[in-house]
Amino acid sequence: MYEWWKRIVLALLKVEDKKPQPLPGHREGDFLEIVRACPAFWDFQLLTWRIYLAAMAGLGTFFSCILFLVNPLTIFVIIPLWIFLAIKAALIYMTLRLDYEMRWYVITDRSVLIREGAMDVREICLTFANAQNVFVRQGPVERWFGFSNVEINTAGGGSGPHQGSTQSHQAVLRGVSNAEHLRDLILLKLKQHRTAGLGDPDDHVHHDRNHPALNPVLVKEILDEARQLRKVLETSNLT
């Protein structure tokens, strides 16, 4: 049932259910690691759905009983209401599962690509030229379920509130089970990137400011002066 619904929804949304491709410039044989959210992250989302389901069922049963005792004819209202609540619960379950399955993290030699969502597809790419800090965040709930989040701050980013998986100056690899490995991997790629001299574009700007390019007009004037000086010297030697 879910797979059928998933194919229908993805077809309507024109979203492909396949691994995202690295950015242009990635060559065959270059480093590539594709990571997805771990099953423990889905267990966490499933628990939130079950809590919602239990709360909705409890409240619905309570008020349905009251309405039925007051007026048995309200059964014609109660039954459609329960059908509506059941459809809503099923849609929430399918949406949560689709969000879990459509979450991809692609790490290459130069960047980290995050793609998430199906209804609203969000994609963010952080190059190691802009990455500044990488750390693992795990709260009590995450620790209980056994997953963590890897957060990457970029240049100019701060430690602002964390909402969603992506925000300005920060990207979050949510729901991964090997967070320490991913953190160390990203730090290693970041170090290699800077060692190779492919780092922050500002470094190149700083280098250019210290060694500005020669002005072609100025070069021509110096060359003309040198030629005239040479002619004067040659003339004086002849005389």
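## A pocket, a sheet and a helix pair

The largest pocket here has a volume of about 240 Å³. Keep in mind that you are looking at a predicted model. Besides the pocket, let's look at an open sheet of four strands and at the packing of helix α2 with helix α3.

**The pocket**
- The residues that line the largest pocket include P22, L23, P24, G25, H26, R27 and D30.
- T108, D109, R110, S111 and T127 are also among the lining residues.
- Sorted by class, this lining has five polar, four charged and three nonpolar residues.

**The sheet**
- Follow the strands across the open sheet and you meet them in the order β1-β2-β3-β4, with antiparallel pairing.
- β1 (32-36) and β4 (122-127) each have a single partner strand, so these edge strands are left with one side lacking a neighbour in the sheet.
- On average, neighbouring strands of this sheet are turned by 15° against each other, direction ignored.
- Strand β2 covers residues 104-108 and strand β3 covers residues 111-116, and four bridges join the two in the antiparallel sense.
- To spot a bridge yourself, start at Y105 and look for I114, its bridge partner in β3.

**The helix pair**
- Helix α2 (residues 39-70) packs with helix α3 (residues 75-101) at an angle of about 175°, and their axes lie 10 Å apart.
- Angles over 145 degrees count as roughly antiparallel, so α2 is roughly antiparallel to α3.
- Where α2 and α3 are in contact, the residues divide into 20 nonpolar, five polar and three charged.

Note on methods
Residues are numbered from 1 along each chain as its sequence is written. This is a predicted model: local features need pLDDT of at least 70, side-chain atom pairs count only at pLDDT 80 or more; totals for chains, interfaces and linings use all residues. Side-chain values use heavy atoms; hydrogens and water are left out. Two strands pair if DSSP finds at least two bridges between them. Axes are lines fitted to C-alpha atoms, for helices over the stretch in contact, and angles run from 0 to 180 degrees between N-to-C directions. Angles under 35 degrees count as roughly parallel, over 145 as roughly antiparallel, 65 to 115 as roughly perpendicular and the rest as oblique. Ala, Val, Leu, Ile, Met, Phe, Trp, Tyr, Cys and Pro count as nonpolar, Asp, Glu, Lys and Arg as charged, and the others, Gly among them, as polar. On a 1 Å grid over the protein atoms alone, a cavity is a set of points where a 1.4 Å probe fits but cannot get out, and a pocket is an open set with protein on both sides within 12 Å along at least five of seven lines; lining residues have an atom within 4 Å of a point. Grid points are joined across faces, edges and corners, and a volume is the space filled by probe spheres set on the points.
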